[in-house]
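Open the model in your viewer and keep the sequence panel visible. The stops below say what to select and what is there.

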Amino acid sequence: MSEIESFSLIIVAVVQGVAEWLPVSSEGLSILVMVNILKLNFSQAFSYAVFLHLGTMLAVVAKFRKDFSDLFKLRSPLLKQVVPATIFTALSAIPLMLVVRNVEAIMANLLIGVLLIATGVLLRLPKEGYRRAVDLSFKESAALGFFQGFAILPGISRSGVTISYLLLRKVREEDALKLSFIISVPAVAGATVLSGVPEDFSVNLAFAVVLTTFLVGYGMIDLLLRFARKVSFSSFCITLGILAIAFTLIAL
């Protein structure tokens with residue numbers, strides 16, 4: 001891989017570090033950049049996008065380190081949510097991952113566009129919470145994980161889907177945010193193991209993109225979460241989705 005290509009991937013790592021905390025699809029945005037600007041094929045871009053999540057996953061672990069340490073204690077109140085959510089994420093995500101990684105670039109742009117619009121519509125649903133996350137039933141936690149698995153599709157926002165589901169189940173916003181981030185860690189770890197390190201990544205490049213994503217992600221998480229509460233990301237997702245579809249159809 002050339003120095004220019006490597007530098008471009010560092011820029012994509014910055015995009016991932018910023019977009020992960022917003023209710024938009026960081027994977028979809030990264031793939032749109034890599035396919036349409038860097039001219040990578042979709043399979044490559046998908047593999048890179050999955051790997052880039054490793055850095056933001058580590059940022060979540062560092063940010064919520066106390067909560068993760070509590071998970072390993074006996075009778076952890078969150079463990080009964082995390083375990084079924086992780087199992088059911090795998091059940092929905094693995095089959096989708098095996099299918100979507102072989103999508104052609106043109107179809108990928110259309111898919112991302114449609115799913116960004118779907119995310120935007122989801123974010124418009126009315127939500128109000130008063131329950132604690134630890135009060136979720138097994139079925140609710142399983143459903144949470146199942147819906148999280150669909151975020152393997154580029155264009156579906158993982159945080160948008162999971163937080164929206166939790167708020168629709170009347171979970172308090174603060175609890176919804178925290179649980180959404182916590183259940184992302186085993187999901188991202190599993191996806192990274194299944195996808196593996198991209199074949200053309202050197203050790204130095206792999207370390208550089210993960211470190212970049214981690215540092216940007218950790219540094220921006222609080223700021224972007226506050227920003228996300230004040231901005232209409234529903235309109236942003238719908239607009240970006242329409243543009244992705246329009247430019248793809250024009251290019252045909």
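Is Asp 222 buried, partly exposed or exposed? Asp 222 has a relative accessible area of 36%, so it counts as partly exposed. Bear in mind on every stop that this is a predicted model.

**Stop 1: Asp 222 and its partner**

Keep Asp 222 selected and add Lys 63. The two side chains meet in a salt bridge, with 2.6 Å from N to O. Lys 63 belongs to helix α3 (residues 42-63) and Asp 222 to helix α10 (residues 203-228), so the pair ties together parts that lie 159 residues apart in sequence. Lys 63 is partly exposed because its relative accessibility is 29%, which falls between the 20% and 50% limits. In general, side chains of opposite charge can pair when their charged atoms come close.

**Stop 2: the whole chain**

Zoom out and colour by secondary structure. The chain has 11 helices and 0 strands. Followed along the sequence, the pattern is α-α-α-α-α-α-α-α-α-α-α. Of the 252 residues, 50% count as buried. Among contacts with a separation of 6 or more, 83% are between residues 24 or more positions apart. Switch to a surface view: the chain exposes about 12,300 Å², and carbon and sulfur atoms supply 69% of that area.

**Stop 3: more salt bridges**

How many salt bridges does the structure hold? The structure holds 7. Select Glu 140 and Arg 131 next. They form a salt bridge in which the closest N and O atoms are 3.0 Å apart, and both residues are buried. Now add Arg 169: salt bridges that share partners join Arg 131, Glu 140 and Arg 169 into one network.

Then select Asp 175 and Arg 172. These also form a salt bridge, and here the closest N and O atoms are 3.4 Å apart. Arg 172 is partly exposed, with a relative accessible area of 36%.

**Stop 4: the end of helix α1**

Select Ala 19, which is found in helix α1 (residues 3-19). Is Ala 19 buried or exposed? At 5% relative accessibility, Ala 19 counts as buried, because the limit for that class is under 20%. Leaving aside residues up to four places away in sequence, Ala 19 touches Val 24, Ser 26 and Leu 29. Put a distance label between the C-alpha atoms of Ala 19 and Gly 217: they are 8.5 Å apart in space, while the residues are 198 apart in sequence.

**Stop 5: a nonpolar surface patch**

Select Leu 79, Val 83, Ile 87 and Leu 91 on the surface view. These residues form a nonpolar patch, and together they have about 340 Å² of accessible area. Leu 79 is in helix α5 (residues 79-100). Its relative accessibility is 35%, so Leu 79 counts as partly exposed.

**Stop 6: the largest pocket**

Which residues lie nearest the centre of the largest pocket? Select Thr 89, Ile 152, Ala 187, Val 188 and Ala 191: these lie nearest the centre, out of 29 residues that line the pocket. The volume of the largest pocket is about 440 Å³.

To see where the lining comes from, colour six helices: α2 (26-36), α3, α5, α7 (138-149), α8 (158-168) and α9 (173-195). Each of these helices supplies at least two residues of the lining. Two of them appeared earlier on the tour: α3 holds Lys 63, and α5 holds Leu 79.

How values were computed
Residues are numbered from 1 along each chain as its sequence is written. This is a predicted model: local features need pLDDT of at least 70, side-chain atom pairs count only at pLDDT 80 or more; totals for chains, interfaces and linings use all residues. Side-chain values use heavy atoms; hydrogens and water are left out. Helices (H or I, at least four residues) and strands (E, at least two) are DSSP runs, numbered from the N terminus. Buried means under 20% relative accessible area, exposed over 50%, partly exposed in between (1.4 Å probe, protein chains only). Contact means heavy atoms within 4.5 Å. Accessible areas come from the Shrake-Rupley method with a 1.4 Å probe; for residues, only the protein chains shown count as cover. Patches are made of residues with over 30% relative accessible area and no salt bridge: like charges are joined within 9 Å, nonpolar side chains (Val, Leu, Ile, Met, Phe, Trp, Tyr) within 5 Å. A salt bridge is a side-chain nitrogen of Lys or Arg within 4 Å of a carboxyl oxygen of Asp or Glu. On a 1 Å grid over the protein atoms alone, a cavity is a set of points where a 1.4 Å probe fits but cannot get out, and a pocket is an open set with protein on both sides within 12 Å along at least five of seven lines; lining residues have an atom within 4 Å of a point. Grid points are joined across faces, edges and corners, and a volume is the space filled by probe spheres set on the points.
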